[in-house]
Amino acid sequence: PIKGLSIGKGNVYFEDTIQHLIFSGNYFFSDDSTKTVLLTDKALVRSVSKKDTLYIHADTLFAFKDSLDEFKQVKGYYNVLFFKNDLQGKCDSMFYDRKVGKMELFEEPIVWTIGEKSEKSELKGDFIEVLFKGDSLIQKMNIIGNSTVLLEVDSGVYYNQIGGKDITAFFSNNDIVRTDVRGNARTVFFPENKDKETDTSIVIKRLGMNRIYASDLRIYLDSNEVKGVTYFDKPDGVFYPIEKLNKEEQFIKGFEWKIALRPKNWKELIE
């Protein structure tokens, strides 16, 4: 044995109860001199908080300590998947800073969010930066390059869609409440009308489809529904009644609904 080195093989499980981190996998390597932990083969890091646990899986995971011997960063390389009850995602590689509350996702990242008032939101781009408020709530996401935000409003039928070069999405209780779209901004959404049938029954009807293109757009949302749009130059907009939908304009360029790739529980990460 070499002082400061630890190696584990086969069903390794290591828990840091002070920093609320759990490491597991079939190969574990720890080096005190470099303050680094390496995990491979069904590698899984669990970051436990009061409200939820963040599970991170990749072909190879690294965890790094700071000068106070506290784990501050996790890096994942190749086939990254992560899961929280209200946040799931996949990408090729990732960087997670626990101290700062920031996650960076590289190479075809996809993020799915579940908010207090909405479900099935899918965000994609060339690069995604997730910023957290506290230890669990999403504050905002910066989506850079080929950015899309897709919001399912009627299962498998209608999707409110936002696309552009870059998008910043702002959150409240993990619900998207605003998106700022910069460059080649476009949105397709289906305004709703709530008809009250009885004292306890409300029927939602789609009035039609709005399609707006502009250089930049600011879009306000509530429960995945578009509640307002602000444009910063003259937009190209059109409204189609629901019975006269233009199928060619029903989806923004680059529309791909990839909900089937979303991990449904943490065990799927290592299956």
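How many of the 271 residues of the protein count as buried? The figure is 49%, where buried means under 20% relative accessible area, exposed means over 50%, and partly exposed is in between (1.4 Å probe, protein chains only). Keep in mind that this is a predicted model: local features need pLDDT of at least 70, side-chain atom pairs count only at pLDDT 80 or more, and totals for chains, interfaces and linings use all residues. Residues are numbered from 1 along each chain as its sequence is written, and side-chain values use heavy atoms, with hydrogens and water left out.

**The overall picture**

- The protein has 20 strands and zero helices; both are DSSP runs numbered from the N terminus, with helices being H or I of at least four residues and strands being E of at least two.
- Measured out along the principal axes, the box filled by the C-alpha atoms is roughly 75 × 45 × 30 Å.
- About 13,900 Å² of surface is accessible, and 49% of that belongs to carbon and sulfur atoms (Shrake-Rupley method, 1.4 Å probe; for residues, only the protein chains shown count as cover).
- Take the contacts (heavy atoms within 4.5 Å) with a separation of 6 or more: 46% of them come from residues 24 or more positions apart.

**The largest pocket**

- This pocket has a volume of about 470 Å³.
- On a 1 Å grid over the protein atoms alone, a pocket is an open set of points where a 1.4 Å probe fits, with protein on both sides within 12 Å along at least five of seven lines, and lining residues have an atom within 4 Å of a point.
- Its lining has 23 residues, and the closest to the centre are Lys124, Gly125, Asp126, Asn146 and Glu256.
- Strands S7 (71–84), S8 (87–97), S13 (137–154) and S15 (175–189) are the elements that each give two or more residues to the lining.
- By type, the lining splits into 10 charged, eight polar and five nonpolar residues; Asp, Glu, Lys and Arg count as charged, Ala, Val, Leu, Ile, Met, Phe, Trp, Tyr, Cys and Pro as nonpolar, and the others, Gly among them, as polar.

**Nonpolar cores**

- The largest nonpolar core has 47 residues, and Phe23, Met103, Leu105 and Met141 touch the most other members.
- Such a core is a set of buried Ala, Val, Leu, Ile, Met, Phe, Trp, Tyr and Cys residues joined through side-chain atoms within 4.5 Å.
- A second, separate core of 11 residues includes Val188, Phe190, Leu245 and Trp257.
- Leaving aside residues up to four places away in sequence, methionine 103 touches several residues, among them Leu54, Phe82, Met94 and Ile128.

**Two buried strand residues**

- Threonine 113 sits in strand S10 (residues 110–113) and is buried, with a relative accessible area of 2%.
- Beyond residues up to four places away in sequence, the contacts of threonine 113 include Asp86, Leu87, Met141 and Phe171.
- Aspartate 175 is 62 residues from threonine 113 in sequence, yet their C-alpha atoms are 7.7 Å apart.
- Aspartate 16, in strand S1 (residues 5–16), is buried too, at a relative accessible area of 14%.
- Outside residues up to four places away in sequence, aspartate 16 touches Leu21 and Phe71.

**Two loop residues with positive phi**

- Aspartate 69 lies in the loop between strand S6 (60–65) and S7, has a phi near 65°, and is partly exposed at 39%.
- Glutamate 107 lies in the loop between strand S9 (102–106) and S10, and its phi is near 65°, a positive value in a residue other than glycine.

Methods: Points joined across faces, edges and corners; volume = space filled by probe spheres on them.
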